[in-house]
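Biologist: I am new to this structure. Please show me how to read its features.

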Amino acid sequence: MDSDDLEETREIISNAYSPYRLDCLGDPREFSAWYGEDSFPGITLSGLRYGSSHHAAETLIKPAPLGTYLLVCELTHGRVTVSSPGREEYSVGPGGTYVLDPYRGFQVHWSPGARMMTVRLAREDVERAAADALGVDSPVRARFALGGAVSPEAARSWAGISRAVRREVVGDGIARTNPLVAAQLTQTAAALLVGTQRLITTGVDARRTGAVSHAAVRRAMALVEERPERPHTLADLASAARVSPRALQEAFRRHLDTTPLGYLREIRLARARHDLLTAGRDGSATVSEIAYRWGFGNLGRFAAAYRARYGEPPSTTLDSAGS
């Protein structure tokens, strides 16, 4: 859409987002707007501009609550002021972001020529990511403060996934035709949104402790314990846990005081010790066979890790079990 008609713009934007109040704060003859969108399954990317160098009217929008989705808004030109009536107000310049969640009304005051890119995510995807991040099993009613990312590092992390989404959409990436890639990118975007923006939750204890209280940790542990011999990577475990690799590492450190791959090594060592004790009694395997069985490709590293864990080399365990 490229229009200088206020009513046409209101109708088109209302259909694209939610019912929309749109006011030109100056001469209506100075009003103009541009809108475009494209998507892959799970994410919609859109661009929006009110005004231009030739049309200098300021614009005020008041959408109804979004309902089933969230918008992550990134300003590329100009300035907007977004507010939740009676609660928060946030002024955003180029490169700044804010999140509009489904649970409240808001309004946005656009300076002439301001431009914005938005990433649209389904509410259920974000709330599942919030539950994983907080270590609870049920989706969390996730709301976001308007104040942007929690830190400059978090802002850079979100900018990275935003660029990846843009490349997939604008560059006709494989996410359009590959459901697995689309699902993984959507899941990663939702997890990064929860991890980088100012999440507000009600009635959820975000500091839950306990060895297996975190849902993502439990999922990764289950995969490791079921098939410890497989060559799992951090990315594999994070995918199974439905969180980002960084989020899974942080959850393991917080709840188990180790890393995902450290936990995998402990499980492998425990299985290897069990087999060494069995083989010492019946002669069914050698040290090297048992090491390879449980994913240790380097015998020297296996022996060092085993000795550090159990206080003796694996050969001693094998020999003592048979004596």
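**Reading the model**

Modeller: Start with one residue: alanine 114 is found in strand 11. This is a predicted model, where local features need pLDDT of at least 70 and side-chain atom pairs count only at pLDDT 80 or more, while totals for chains, interfaces and linings use all residues. Residues are numbered from 1 along each chain as its sequence is written, and side-chain values use heavy atoms, with hydrogens and water left out.

Biologist: How are the strands and helices assigned?

Modeller: They are DSSP runs, numbered from the N terminus: helices are H or I with at least four residues, strands are E with at least two. Strand 11 covers residues 114-122.

Biologist: Is alanine 114 buried or exposed?

Modeller: Buried means under 20% relative accessible area, exposed over 50%, and partly exposed in between (1.4 Å probe, protein chains only). Alanine 114 has 0%, so it is buried. Its C-alpha atom lies 62 Å from that of glycine 300, and the two are 186 residues apart in sequence.

Biologist: Which residue makes a polar contact with the side chain of serine 46 at 2.3 Å?

Modeller: First the rule. A polar contact is a pair of N or O atoms within 3.5 Å; within protein, one must be able to donate a hydrogen and the other to accept it, and residues adjacent in sequence count only if both atoms are side-chain atoms. Here the partner is threonine 118, through its side chain. The side chain of serine 46 also joins that of tyrosine 17, at 2.7 Å. Serine 46 sits in strand 4. With a relative accessible area of 3%, serine 46 is buried.

Biologist: What about threonine 44?

Modeller: Threonine 44 is in strand 4 too, which runs over residues 43-50. Its relative accessibility is 17%, so threonine 44 counts as buried. Now compare sequence and space: threonine 44 and arginine 166 are 122 residues apart along the chain, yet their C-alpha atoms are separated by 9.7 Å.

Biologist: How many cavities of 30 Å³ or more are there?

Modeller: The search uses a 1 Å grid over the protein atoms alone. A cavity is a set of points where a 1.4 Å probe fits but cannot get out. A pocket is an open set with protein on both sides within 12 Å along at least five of seven lines. Lining residues have an atom within 4 Å of a point. Grid points are joined across faces, edges and corners, and a volume is the space filled by probe spheres set on the points. The count here is two cavities. The largest holds about 110 Å³. Of its 15 lining residues, Tyr17, Tyr20, Ile61, Leu71 and Leu100 are the closest to its centre.

Biologist: Which strands supply at least two residues of that lining?

Modeller: Strand 5 (59-63), strand 6 (69-77), strand 9 (97-100), strand 10 (107-110) and strand 11 each do.

Biologist: How does the lining divide by class?

Modeller: Ala, Val, Leu, Ile, Met, Phe, Trp, Tyr, Cys and Pro count as nonpolar, Asp, Glu, Lys and Arg as charged, and the others, Gly among them, as polar. The largest cavity has 14 nonpolar, one polar and no charged lining residues. The second largest cavity holds about 30 Å³. Its lining has four nonpolar, two polar and two charged residues, including Asp101 and Arg104.

Biologist: What is the volume of the second largest pocket?

Modeller: About 160 Å³. Helix 4 gives the most to its lining, with five residues. Helix 2 (123-134) also supplies at least two. The lining divides into four nonpolar, two polar and four charged residues. Among them are Asp125, Arg128 and Arg242.

Biologist: How far apart are the end C-alpha atoms of helix 4?

Modeller: The expected span of a helix is 1.5 Å times one less than its number of residues. Helix 4 (residues 179-196) has 18 residues, so it should span 26 Å; its ends are 25 Å apart, which agrees. An α-helix has 3.6 residues a turn, so residues three or four places apart point the same way. Buried residues of helix 4 include Ala182, Leu185, Thr186, Ala189 and Leu193. At the helix start, a side-chain oxygen of asparagine 178 reaches to within 3.0 Å of the backbone nitrogen of leucine 180.

Biologist: How many disulfides are there?

Modeller: A disulfide is a pair of cysteine sulfur atoms within 2.5 Å. The count is zero. Cysteine 24 is buried at 17% relative accessible area, and cysteine 73 is buried at 2%.
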